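New to this one? Take a moment with the sequence and the 3D view before reading on.

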Amino acid sequence: MKFTLSWLKDHLDTDASLDDILYALTDLGLEVEEVHNPADRLKEFTIAKVLHAEKHPDADKLKVCNVLTDEGESQIVCGAPNAREGITVVLCKPGSYIPGLDITIKVGNIRGVESHGMMASERELELSDEHNGIIELPSGDVGQKFIDWLAENDPAKVDPVIEIAITPNRPDALGVRGIALDLAARGLGTMKSAKTADISGGYPSPINVTIDEDTRENGCHVFAGRLIKGVKNGSSPKWLQDRLEAIGLRPISALVDITNFFTYDRNRPLHVFDADKVQGDLRIHRTLGGETLMGLDEKEYTFGAGQVVISDDQAVESIGGIMGGLSTGCTEETTNVFLEAAVWDHIQIALTGRALKINTDARYRNERGIDPAFNMEALDLATAMIMELCGGEPSEVVTAGSVPDVSRAYKLDTDRVQSLVGMEIPAEVQRKTLTALGFVLEGDMAHVPSWRPDVLGEADLVEEVARIASLTKLKGVPMPRVDAGVPQQILTPLQKREQIGRRTTASLGYNECVTYSFIDKKSAEMFGGGSDATMLANPISSDMSHMRPDLLPGLLQAAARNQARGFTDMALFEAGPTYQGGEPGEQRLEITGILVGRTVGKDVHGESRGVDVFDAKADAEAVLAAIGAPAKVQILRGAEGWWHPGRHGRICLGPKKTLCVFGELHPKVLAEMDLKGPVVGFTIYPEDVPAARKKTATRPALKLRDLQAVERDFAFVVDGAVEALTLVNAAAGVDKELIENVRVFDEFTGEMAEKQMGEGKKSIAMTVRLQPTDKTLKEKDIEAISAKIIEKINKATGGVLRG
């Protein structure tokens, strides 16, 4: 929305500075986007007088002028044909920036004669395109600021243009008077009385109007118009042209310029038909589909079914509330016009405008909402202006439909400002504010003005009061604590685990990814999903048709995209929900990480190697430890099919309580994902980690063992298919209190092993660490626990001690 300062002052009597007005507009919610102040580029120029002018001694077209300035007499060389003695000019002193030339002038030497400045033309000061000579002023004192002279004699040349952003809920601010009303309520001036007109027609209108029944309710509420005969359509007066040009509109003719003026002045779109080109009466109706119209923009539009148009007896003549037709448009030859003012359904306007891809000032206002109660008054005001500028005789008004009743009232609870906004505003100030905005107060009931469709409840009254008072006056006040002392933790235990898991994984060198919760059906099926229960009803695309059953598909796809761009070594992770169904309880939180490629880049020391299952296991154990998982766990097989069958493990508290799965991804999965291995990863289920038995904010006391730990090494001969983990779990389960840990340190396999121990056999050596808690272990105690370990492993694996 653009307007000039002088235009604003037509409605607002104010002495406020431009800066004060700009600040108030933004503070009121009408954010200032741009200000174009011509005075800023003209403030350096002053008025001077040419005392003497003579021909340049070395140039036929140049003159040497003696110019009287506020600093005394100066010599200026000028090439303008009208440079002569006695004229009053605009002086540009050395050091001044000339906007039209984009230069800063200096003292110059022109053909051997010094020139101390220049006398400007209108084009050089960007006042117009005139450049046939320098500016000759009819008046002015030497040394007077040129902008002050313009303000007195040609104010349009220095009239600041203000552009504000309008939010969809404030259509009233699409008129200059609506903006002035806000500023007056803030206290930056007082509203001037609005112009009124009461035009009585002298004869019946020869053009009647009707609205079809199916168009009255949600198409066109009311359509009013009158014929004005005998008009003379020429150029509009200079003040109107200046005003429209300042906001970027091209003056066309008096009749058209008048309708554009009301569009911006009072947020009231109007339209004028050349009455001599209208065949019969006007009818507002819905299109059947296929009708065409050549618009005023000289583009042909083809209508779909159900769009609201205005037709005469022959064809469609206008797109209702959006644009008129070229065939009935006004020209300089127009002598009889039909002036229209209507209230349209804003949703219908939006639908038609979008379908036809038309953006006009009329559409912009009609689809946001205009003042329906102003319709008939606007018709009279526009009629009066047409008669003033173009002459003519008005007919009686013809009307179809009725002005919609938008009256409503809400209770003003003056105490709610404190509870809703946190501002203390006296009740009498609140009532005064609403009255200044056009509300009518009857007791505690505030009647909403017809031009404010955004006020729809008691809370909106509070918002208006707070907006005018200025929300910048709000003071930050800490919220009162519910309980005294140290505040309770805000995050839930699960949220805290997720936070710790994120930070720990990132500290291990992983980069966090945030992938879509939607994946394609093929990937979902590969990871145990893809059922109808997780299928989206309205997917963004075919590649996002199902909710993800696991975080791995998104991470693997991200890794594949990176590999395709030359990044081969990666560590990626994500924390987020996965979905096993469509119900609220069928989702769970996961923390998943993957390692791709090699541990480090190639180097001369040969430390680079491909990532393996033990890298994933170490990282998974570190994250589990950070989120509070028990230290003693079991590692079992039996994970889902997307893990490598022989290179994975489940970290469990029992066969049915899985805290984490780690391992290498199945080669078939990598092939389907177009990903080159090796790729290892882990998936942690934070919800399955048991909560600590004792909940305390302090750390437990440090437990130091004062008794000597004992380590014993065992080497067992087992079948080649027996896993080392089976031996570790068997040994650790002999005495969970006494056995601190079990660690494998050697595996002897191959032909040599089979020669010594038998075909299909291998040897696994491990260390068992015993940590007593109440007494020092004696030899017989050690021997007893060792015998139990040997027995347990023999039962579990059939293994025997290696001789």
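What follows is a short tour of a pocket, some helix contacts, a salt bridge and a few backbone details.

Keep in mind that this is a predicted model.

Let's start with the pocket. The largest pocket holds about 1,400 Å³ of space. It is lined by 39 residues, and those closest to its centre are Lys617, Ile635, Leu725, Val728 and Asn729. Two helices give two or more residues to this lining, helix 18 (613–626) and helix 20 (724–732). Strand 35 (634–636), strand 36 (643–654), strand 37 (657–665) and strand 40 (739–748) do so too. By class, the lining has 21 nonpolar residues, 11 charged ones and seven polar ones.

Now for the helices. Here are two pairs that pack against each other:

| Helix pair | Angle | Distance between axes | Crossing |
|---|---|---|---|
| Helix 8 (254–265) and helix 11 (375–390) | about 145° | 10 Å | right-handed |
| Helix 15 (493–507) and helix 18 | about 145° | 9 Å | right-handed |

Which residues make the contact between helix 8 and helix 11? On the helix 8 side they are Ala254, Leu255, Ile258, Phe261 and Phe262. Helix 11 brings Leu381, Ala382, Met385, Ile386, Leu389 and Cys390. This contact has 11 nonpolar residues, with no polar and no charged ones.

The other pair brings us back to helix 18, which also helps line the largest pocket. Helix 15 meets helix 18 through Ile500, Gly501, Thr504 and Thr505, while helix 18 answers with Ala622, Val623 and Ala626. Here the classes are mixed, with four nonpolar and three polar residues, though no charged ones.

Charges do turn up elsewhere. Side chains of opposite charge can pair when their charged atoms come close. How many salt bridges are counted in this model? The count comes to 40. One to look up is the salt bridge between Arg216 and Glu213, whose closest N and O atoms are 3.6 Å apart. Both residues sit in helix 6 (213–216), three residues apart, which is about one turn of the helix.

Finally, a couple of backbone details. Most residues other than glycine have a negative phi, and most peptide bonds are trans. Between Gly677 and Pro678, though, the peptide bond is cis, with omega at about 0°. You'll find Pro678 in the loop between helix 19 (667–672) and strand 38 (679–684). Then there is Arg111, which is not a glycine but has a positive phi of about 55°. Look for Arg111 in the loop between strand 10 (108–110) and strand 11 (113–115).

Conventions. Residues numbered from 1 in each chain as written. Predicted model: local features only at pLDDT ≥ 70, side-chain atom pairs only at ≥ 80, totals over all residues. Heavy atoms only, no water. 1 Å grid on protein atoms, 1.4 Å probe; cavity = no way out; pocket = protein on both sides within 12 Å on 5 of 7 lines; lining within 4 Å. Points joined across faces, edges and corners; volume = space filled by probe spheres on them. Helix = DSSP H or I, 4+ residues; strand = E, 2+ residues; numbered from the N terminus. Nonpolar A, V, L, I, M, F, W, Y, C, P; charged D, E, K, R; others polar. Axes fitted to C-alpha atoms, helices over the stretch in contact; angles between N-to-C directions. Left-handed = near helix turned anticlockwise from the far one by under 90°. Contact = heavy atoms within 4.5 Å. Salt bridge = Lys/Arg side-chain N within 4 Å of Asp/Glu carboxyl O.
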